[in-house]
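Biologist: Could you take me through a close look at one part of this model, the place where two helices pack against each other? I would also be glad to hear about the surroundings.

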Amino acid sequence: MIGRSARSRAAVLIIAAFTFTGCFLQQATPSPSPTPTPTLTAAPTTTRPRFELSTYEYALQTKGKIRSAVRDDAAPMSSRSGATYQGLEPDIAREIARAIWGPNDDPETHIEWVSVDASTRVSALTSNQADITLAGLVITDDQKKVIDLSDTYLKTGQRLLVKKTNDQIKDLSDVASGEQTVCAVRGSTAVDNIRKITNNGAKILLLDTLEFCQQALASGAADAITADELVLVAIVAKDPSMKVVVKPFTDDRLGIGIKKTAAGDRTGFLDFVNTALLKIVADRTWAKIYTQRLGSLTGDTKQIPTD
């Protein structure tokens, strides 16, 4: 569900839209008036939004570039082919760029892609190498102590992977009886999660790596693999003989990372990013991105990031 803050931003967008339309409906009848007092706002163009001069989005617009940190090898969320990035996360980064430079500019001309992985996705922000990071950052209180995180751009969680021909496992109850063998990586949180959700009823095969679990599934030594949904989706993207089943039984929400403001340098930028996210949800751009990048692999149809 979209929270109170999201509804407030929606109201702002609606009010702004009516105000913008009303300006065009007024007749341009000349009348004497005193010279208006200059305001600290950027002059609008035919294609670009207008921002307060003190905002970070205006600084980016003036500079002409936004540094967006994404991953090279995390398909279908993010991957690189040559100099081109594709996936759900780069697509959302492009929408943030459109919110700064307008829909008529090619976002690629304004994005400087920064390659990160799990070990560098936060430090890219704190060391000021990137302006935003879309790289599987889970929204947690501990993470928020280090960086700012946007509203959710994708809700995900732990699921099961089975062979596409398997019609016996459709729900967690199908593995809770212990009649099916579920492989999980030894020592991972996935093991504790499935034990808890099935009240220790699941028959679990513990192996040292995900690759070993894939071999066990292929050979019939296991009937399913359990791991984070996005890990499993990446397997399906490479091996269409597999499918993801069961609704997520943990709740992980991904957010856009932003460096915390220092001396007011990024004041309001988090709200700007959240408003840009809300807009692409409202106009169904987010749903189209999800369908194109993940829907065919997860088997799900989503309208909003928190579905």
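Modeller: Happy to! Two residues are in contact here when they have heavy atoms within 4.5 Å of each other. Please keep in mind that this is a predicted model. With that cut-off, L88, D91, I92 and E95 in helix α3 meet a set of α11 residues: T285, W286, I289, Y290, Q292, R293 and L294. Helix α3 covers residues 88-101 and helix α11 residues 285-298; their axes come within 10 Å and cross at roughly 155 degrees. Angles over 145 degrees count as roughly antiparallel, and α3 and α11 are therefore roughly antiparallel to each other. The crossing of α3 past α11 is right-handed.

From I92 we can step over to I256. Leaving out residues up to four places away in sequence, I256 touches I92 and I96, and also I132, T133, L134, D148, L149, S150, Y153, V273 and L277. I256 is among the residues with the most contacts inside the largest nonpolar core, together with I66, Y153, L154 and L161; that core has 53 residues. A second, separate core has 12 residues, including I169, L172, V245 and F249.

For the surroundings, there is also one disulfide. C183 and C213 form it, with their sulfur atoms 2.1 Å apart. The torsion about the S-S bond is about -75 degrees, so this disulfide is left-handed. C183 sits in strand β9 (residues 181-185) and C213 in helix α8 (residues 210-219), so the pair ties together parts that are 30 residues apart in sequence. C183 is buried, at 0% relative accessibility, and C213 is buried with a relative accessible area of 0%.

Conventions:
Residues numbered from 1 in each chain as written. Predicted model: local features only at pLDDT ≥ 70, side-chain atom pairs only at ≥ 80, totals over all residues. Heavy atoms only, no water. Core = buried A, V, L, I, M, F, W, Y, C linked by side-chain atoms within 4.5 Å. Buried < 20%, exposed > 50% of the residue type's maximum accessible area, 1.4 Å probe, protein only. Disulfide = S-S within 2.5 Å. Helix = DSSP H or I, 4+ residues; strand = E, 2+ residues; numbered from the N terminus. Axes fitted to C-alpha atoms, helices over the stretch in contact; angles between N-to-C directions. Parallel < 35°, antiparallel > 145°, perpendicular 65-115°, else oblique. Left-handed = near helix turned anticlockwise from the far one by under 90°.
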